[in-house]
Amino acid sequence: MLDCIVVGFGLSGLSFVEHLDNNNNSYVVFENYSHKSSRVAGGLYNPVILKRFTAAWQSLEQLNKAIPFYKGVEAKLQQQLVFELPIYRRFNSIEEQNTWFEACDKPILDQFLSSKLIENVNPALEIPYYYGAVKKTGRIAIKEMLWSYLQYMDKKNSVVNESFEHDKVIIKNNYIEYKGLKAKNVVFAEGFGLKDNPFFNYLPLVGNKGEYIIIKSNDLKLQEAVKSSVFIIPLGENLYKVGATYSNFDKSPLTTKRAQEELQKKLESFLNVKYTIVDQVAGIRPTVKDRRPLVGTHPNYQNLHVLNGLGSRGILIGPSVGENLYDHILNGHPLDAEIDIKRFETLR
C-alpha cells in the first residue's frame with residue numbers, strides 16, 4: 001500500500017513529492033512529459049510584480065519557504081540548481097523612476113526594492129534612464145532540477161514513464177487501486193493536462209501560452225537579469241533566455257514564428273549588439289482567473305487531490321502550496337482558504 005500516487009512532475013509535482021520523500025512516505029510518480037511549462041519557464045524567483053511595482057501575493061512568506069526548499073533539493077541531488085541573480089528593471093521615463101521611489105517606502109516592498117538607482121554601463125544595451133534593482137532574487141535551473149530528480153526517483157523505482165489513465169482508477173473506501181497498485185491517496189499535478197482529468201476538469205483552469213527564445217551573443221556580457229519590455233536572463237556561456245509571450249488563445253504546445261518575431265522586436269528596441277537565435281521553447285502555463293492555485297481534495301472522493309494552477313510564479317508559489325497540501329493530506333491540517341478548490345464547488 002503506497003502512501004501516494006502523484007500524477008505529473010513539473011513544479012507542482014516536485015513541490016509535493018519532495019515532502020513525501022523527506023518524510024519517508026512511499027510514492028510512485030507517473031510522468032509522460034506531455035505538458036512542459038515548468039521545463040521551459042524562465043526560472044526566476046522574484047517577489048515583485050515589475051510592471052506595477054507591487055509585491056506578489058504572499059511574496060515574503062513564499063520566498064522564505066522557497067529558497068530553503070530549493071537548497072534542500074540542491075543538496076539532495078548534489079548539483080547546483082540555485083543561482084543568486086540580480087534583477088534590474090529598466091525605467092522608461094522619469095515618472096517611472098519616481099513611482100519606483102514611492103514603492104520603495106511601502107511596507108514589504110522596502111525589503112525588496114533598492115532605493116539606489118543604477119546607471120547603465122553596458123554599451124550593449126540602450127538604457128536612456130536608470131535601472132531599479134530588486135533584492136532577494138535569483139534563478140532556479142528548473143529543467144536540470146526536474147530531470148535530475150526524475151533520475152533520482154528512477155533509481156528508487158519510484159517513477160513510471162507513461163500516461164496515467166484516469167478511467168482505470170478504482171475507488172475504494174479508504175484507498176484507490178490503479179493497474180495493480182494500491183495507494184491511500186492520488187495527487188494530480190498535471191499542469192494544463194488537468195483539462196482532460198474527469199475528476200477535476202470542472203475547475204476553471206484557463207491556460208496561458210508562453211514562448212521564449214534562447215539567444216547567443218558574445219558582446220552582450222550581462223551578469224544580471226534585465227527587465228524591460230522582455231526579460232533577458234543570463235544562462236552562462238554567452239547564452240540568454242529572452243521572453244516571454246502571453247497568449248490566452250493559442251493552446252498548441254508548438255513554437256510560433258509570430259512569437260519569435262514579437263520577442264525579437266521587443267529585444268531589438270534596446271539591444272545594440274548582434275545575436276543569433278539558438279532555440280525557441282513554448283509551454284502552456286496553468287493559470288486561473290482569480291490568480292490563485294488550485295489545491296485541495298475532491299468533494300466526493302476523499303482520496304483524490306489536486307495541486308495545480310501555479311501560473312507564471314510557480315517557482316515562488318510551489319513550495320508553500322506543496323507543503324500546505326502535504327500537511328492537509330498526511331497530517332490533517334486545514335488548507336489556506338485562498339487556494340482551496342472549495343471556492344469553486346458551485347461550478348460542479
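Let's start with one side chain: Lys 65 is partly exposed, with a relative accessible area of 39%. Keep in mind that this is a predicted model. From Lys 65 we can follow a salt bridge across to another helix, and then look at some other charged pairs and at how two helices pack. A search of the whole structure turns up 16 salt bridges, and a few of them are picked out below.

**The bridge from Lys 65 to Glu 323**

- Lys 65 pairs up with Glu 323 in a salt bridge, with 2.4 Å from N to O.
- This pair ties together distant parts of the chain, since Lys 65 sits in helix 3 (residues 59–77) and Glu 323 in helix 8 (residues 314–331), 258 residues apart.
- Is Glu 323 buried or exposed, or something in between? Glu 323 counts as partly exposed because its relative accessibility is 24%, and the partly exposed range lies between 20% and 50%.

**Ser 320, a residue that touches Lys 65**

- Helix 8 is also home to Ser 320.
- Leaving out residues up to four places away in sequence, Ser 320 touches Glu 61, Gln 62 and Lys 65.
- Ser 320 has a relative accessible area of 16%, so it is buried; the cut-off for that label is under 20%.

**Salt bridges inside one helix**

- Over in helix 7 (residues 257–268), Glu 262 and Lys 266 are four residues apart, so about one helical turn separates them.
- Their side chains meet in a salt bridge, 3.3 Å from N to O.
- Glu 262 is partly exposed at 32% relative accessibility, and Lys 266 is partly exposed too, at 30%.
- Back in helix 3, Lys 71 and Glu 74 are three residues apart, which is about one turn of the helix.
- Lys 71 and Glu 74 form a salt bridge as well, and their closest N and O atoms are 4.0 Å apart.
- What does accessibility say about Lys 71? Lys 71 comes out as partly exposed, with 41% relative accessibility.
- Glu 74, on the other hand, is buried, with a relative accessible area of 14%.

**A network of charges**

- Some salt bridges join up into a network, and this one links Glu 162, Glu 165, Asp 167, Lys 168 and Lys 179.

**How helix 1 meets helix 3**

- Two packed helices can be described by the angle between their axes and the distance between those axes.
- Helix 1 (residues 11–22) packs against helix 3 at an angle of about 70°, and the axes are 11 Å apart.
- That angle makes helix 1 roughly perpendicular to helix 3, because angles of 65 to 115 degrees get that label.
- The crossing of helix 1 past helix 3 is left-handed.
- Which residues make the contact? Helix 1 brings Leu 11, Leu 14, Ser 15, Glu 18, His 19, Asp 21 and Asn 22, while helix 3 brings Phe 69, Tyr 70, Gly 72, Val 73 and Lys 76.
- Sorted by class, the contact of helix 1 with helix 3 has five nonpolar, four polar and three charged residues.

**Asn 64, another residue of helix 3**

- Asn 64 has its place in helix 3.
- With a relative accessible area of 52%, Asn 64 is exposed, because that label applies over 50%.
- Going from Asn 64 to Leu 117 means 53 residues in sequence and 26 Å in space, C-alpha to C-alpha.

Key:
Residues are numbered from 1 along each chain as its sequence is written. This is a predicted model: local features need pLDDT of at least 70, side-chain atom pairs count only at pLDDT 80 or more; totals for chains, interfaces and linings use all residues. Side-chain values use heavy atoms; hydrogens and water are left out. Buried means under 20% relative accessible area, exposed over 50%, partly exposed in between (1.4 Å probe, protein chains only). Axes are lines fitted to C-alpha atoms, for helices over the stretch in contact, and angles run from 0 to 180 degrees between N-to-C directions. Angles under 35 degrees count as roughly parallel, over 145 as roughly antiparallel, 65 to 115 as roughly perpendicular and the rest as oblique. A crossing is left-handed if the near helix is turned anticlockwise from the far one by less than a right angle, and right-handed if clockwise. Contact means heavy atoms within 4.5 Å. Ala, Val, Leu, Ile, Met, Phe, Trp, Tyr, Cys and Pro count as nonpolar, Asp, Glu, Lys and Arg as charged, and the others, Gly among them, as polar.
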